[in-house]
Amino acid sequence: MAAAQKHVLRVYVARDTALKLTLLERPKSVEELKEIMQERFKPRLDGDFSLHYEDPDFDGDLCLLVDIQELPEKGTLRVVRPEGDTSSTASSDTDLLPHVPALQRQKSWPDHFVVPGFGYEIEHILEEGNRVYEESGQLLKLKRSQKSEILKKMEETIYSFKPYPHEKELAMAAQALITAHPCLRMTAGEDGELGWKRHVGYKVASYRHNLAKAGVAEVAVNIGKWSRNNPDNDHPHQNIKKARKAEVNYLINLPKDQTPATLETLREEIIHEVEKTEQNQLVIGKLMNTTYALRRQEIVGVLVAPQVRDVVDRWPALLMESQVFAEFHRINNVNLRNQFYKELDRHTPKLITLFRDKATKTGKIAEELAKQALVLRALPVYLREDASKFFRTCNSADGPDLTDTPVALLTVATDDTTDAALFSPESICIVVEDEILVSGPTNLADSFLLLFGYVYALDLQYPKNLELTFTFIQKVVMCLEDNKPLKGRLLTLKNDLFNE
């Protein structure tokens, strides 16, 4: 029987975005390969597409992959979408989503950690060590330099996903290492995963320190903590500025060909363009993309977070819906609108079933569904969260009291009836820091989606009373996994949702 054929592929899912795909065996068909890719690269690969591979018979020119037998063991695939399909780039003509520059992080932590290659010498040593281990159970004894090379590759791979990995993620990486190379297990009586996890954790912390000294923004921002020379500063492990909502590009360095002064000039150009009667969306999008690093340093790279009003006064393009979606894409490399509605539509039937099942026991959800008929309104009730300060309603003639309202959706209705507020509102306003930021779409889901984009674009905290609801949207709907453990009620809902 022939041995299974392993494939290592570089897949370009967008012009500037390449992801690594490792297959332990050749798929049975091209369609099966596409399904595997959609699952592995979720949510970055959706819609209809074809696959093209670099054919060595034609000096690497692209050829359409029709026969799965043509799939190379090691090579490059390119995702090609039909004309008019904008699923990977934008959902409307005004949704101008940027390409992620090559120096930015392009992917979040993977579902399955793939152990990197270690160079010819180390790979040969590990292959021989694995053979001996299978025959006699003898573990491999590494030289200090060999172990150091392995840890260096591991630290670089881990950092390519995130600078501050969780304990669970370090354990995942360590387990993947000893699974791929069982000869690296620790001596008898020791926990091999725990040992390598500890070593990798130390190396990642050291790597992070070296990068901070070199001026890498996302880690350099946390330099200057408590020391003998700075006794009044924060403790090194307090108030760390890092991605807390699975952001991929939380804070980045300025482009190499730009300075704060040149970016400030571009910022002023944005203001000038936004003030025009006929705005050029392409120009605004390009300028916002170029100035992204400066904007993030102003929002998250300072000791005291600025007021939201000050941010949008300096960056008025953030009051445009298209640029909120584009900013979300810059931060996460995910299409906010497409991903939100695709997963919400997929889960809505099962969610409503779960809500109704619980209603027979409590009586609360049924009333909520009958009045509002929307999953987004019923979800907090199901999770036993108080949404009264988030979903606000007022009569158009009234001046709403927005005191102590950090984040909310304010529905403005022409009369006091529930049906008018839900189905035919005059407007739905997005409230941030006790004032109306923008008047959003009159559709509740669209307005919620826009507010969720603002949470990332302005680095806002989730509403305290709705942390479970927003975490559900982040992890289950947007598939932005941070690998933090889910709280009981949310874990139960997720398990019920995915159980057939």
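Which classes of residue make up the lining of the largest cavity, and how many of each are there? By class, that lining has 8 nonpolar, 2 polar and 10 charged residues. The structure is a predicted model, and this report covers its cavities, one sheet and one pair of helices.

## The largest cavity

A search of the whole structure finds 2 cavities of 30 Å³ or more. The largest cavity holds about 240 Å³ of space. Its lining consists of 20 residues, and those closest to the centre are Phe 161, Lys 162, Pro 163, Ala 243 and Glu 247.

## The second largest cavity

The second largest cavity holds about 40 Å³ of space. Val 308, Arg 309, Val 432, Glu 433, Glu 435, Ile 436 and Leu 437 form its lining. By class these residues divide into 4 nonpolar, no polar and 3 charged.

Two elements, helix 10 (308–314) and strand 9, each supply at least two residues of this lining. Strand 9 gives the largest share, 3 residues.

## The sheet

Strand 9 also belongs to an open sheet of 4 strands, which has the order 6-7-8-9 and mixed pairing. Strand 6 (391–395) and strand 9 (435–440) stand at the edges; each has a single partner strand, so one side of each is left without a neighbour in the sheet. On average, neighbouring strands of this sheet are turned by 30 degrees against each other, direction ignored.

Strands of a sheet pair through backbone hydrogen bonds, in either a parallel or an antiparallel sense. Strand 7 (residues 407–413) and strand 8 (residues 427–432) pair in the antiparallel sense, over 6 bridges. Thr 411 stands opposite Ile 428 in strand 8.

## Helix 9 against helix 11

How do the axes of helix 9 and helix 11 cross, and at what angle? The axes of helix 9 (residues 292–299) and helix 11 (residues 321–332) come within 12 Å and cross at roughly 85 degrees. Angles of 65 to 115 degrees count as roughly perpendicular, so helix 9 is roughly perpendicular to helix 11.

On the helix 9 side, the contact is made by Tyr 292, Arg 295 and Arg 296. Helix 11 contributes Glu 327, Arg 330 and Ile 331. By class, the contact has 2 nonpolar, no polar and 4 charged residues. Tyr and Ile count as nonpolar, whereas Arg and Glu count as charged.

Notes:
Residues are numbered from 1 along each chain as its sequence is written. This is a predicted model: local features need pLDDT of at least 70, side-chain atom pairs count only at pLDDT 80 or more; totals for chains, interfaces and linings use all residues. Side-chain values use heavy atoms; hydrogens and water are left out. Two strands pair if DSSP finds at least two bridges between them. Axes are lines fitted to C-alpha atoms, for helices over the stretch in contact, and angles run from 0 to 180 degrees between N-to-C directions. Angles under 35 degrees count as roughly parallel, over 145 as roughly antiparallel, 65 to 115 as roughly perpendicular and the rest as oblique. Contact means heavy atoms within 4.5 Å. On a 1 Å grid over the protein atoms alone, a cavity is a set of points where a 1.4 Å probe fits but cannot get out, and a pocket is an open set with protein on both sides within 12 Å along at least five of seven lines; lining residues have an atom within 4 Å of a point. Grid points are joined across faces, edges and corners, and a volume is the space filled by probe spheres set on the points.
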